[in-house]
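Trainee: Could we go through this model together? I would like to begin with the pocket and then turn to the strands.

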Amino acid sequence: MIVGLGVDLVEIARVRRLIESRGGRAMTRLFTDGERAYAGYRVDPARHLAARIAAKEAAFKALAGNHLARAIGWRELEVFARDDGGPVLRLHGRAERRAAELGVTRILVTISHTDTAAVAVVVLERGE
């Protein structure tokens, strides 16, 4: 049974401007060490960071519904790549507690990007 669904679209140029104007401060606030390292090894880090922002925003939407969900921080949602390159969403802190409230047993995430935008969809499932 689906208990949460979220989708988000992020313009890569906007993320590029954010990195240029706010640099390390924004990077530290929005991304985990692993996410920053992953993007740093890519030819176009902004594209991969935009995809992670889209996935996190989609996850915020999927987890929405109460005060705990509204308090989830950016680094409590972490996007990393499996060995085959596919994305995985890992929850920490309040995000993990909110998922437990919803009875989440499976998290599905997909990410895609073009030269100008990144999109992500997150589905939260509860076993029945």
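**Pocket and strands**

Mentor: Helix H1 contributes five residues to the lining of the largest pocket, the largest share. Please bear in mind that this is a predicted model.

Trainee: Which other elements supply at least two residues of that lining?

Mentor: Strand E1 and helix H3 (45-63) do so, as does H1 (12-30).

Trainee: And what is the volume of the largest pocket?

Mentor: The volume is about 180 Å³.

Trainee: How do the lining residues divide into nonpolar, polar and charged?

Mentor: Six are nonpolar, four are charged and none is polar. The lining includes Asp8, Arg14, Leu18, Ile53 and Trp74.

Trainee: Turning to the sheet, in what order do the three strands lie?

Mentor: The order is E1-E5-E4, in an open sheet with antiparallel pairing.

Trainee: Why is one side of E1 and of E4 left without a neighbour in the sheet?

Mentor: E1 (2-11) and E4 (106-113) stand at the edges and each has a single partner strand, so one side of each has no neighbour in the sheet. From one strand to the next, the twist averages 10 degrees.

Trainee: How many bridges join E1 to E5?

Mentor: Nine bridges join E1 to E5 (residues 117-125). Glycine 4 stands opposite leucine 124 in E5.

Trainee: What do E2 and E3 form?

Mentor: They form a hairpin with five residues between the strands. E2 (residues 77-81) and E3 (residues 87-91) pair in the antiparallel sense over five bridges, and leucine 77 stands opposite leucine 91 in E3.

Trainee: Which residue in the turn has a positive phi?

Mentor: Glycine 85 does, with a phi of about 95 degrees.

Note on methods: Residues numbered from 1 in each chain as written. Predicted model: local features only at pLDDT ≥ 70, side-chain atom pairs only at ≥ 80, totals over all residues. Heavy atoms only, no water. Pairing = 2+ DSSP bridges. Helix = DSSP H or I, 4+ residues; strand = E, 2+ residues; numbered from the N terminus. Axes fitted to C-alpha atoms, helices over the stretch in contact; angles between N-to-C directions. 1 Å grid on protein atoms, 1.4 Å probe; cavity = no way out; pocket = protein on both sides within 12 Å on 5 of 7 lines; lining within 4 Å. Points joined across faces, edges and corners; volume = space filled by probe spheres on them. Nonpolar A, V, L, I, M, F, W, Y, C, P; charged D, E, K, R; others polar.
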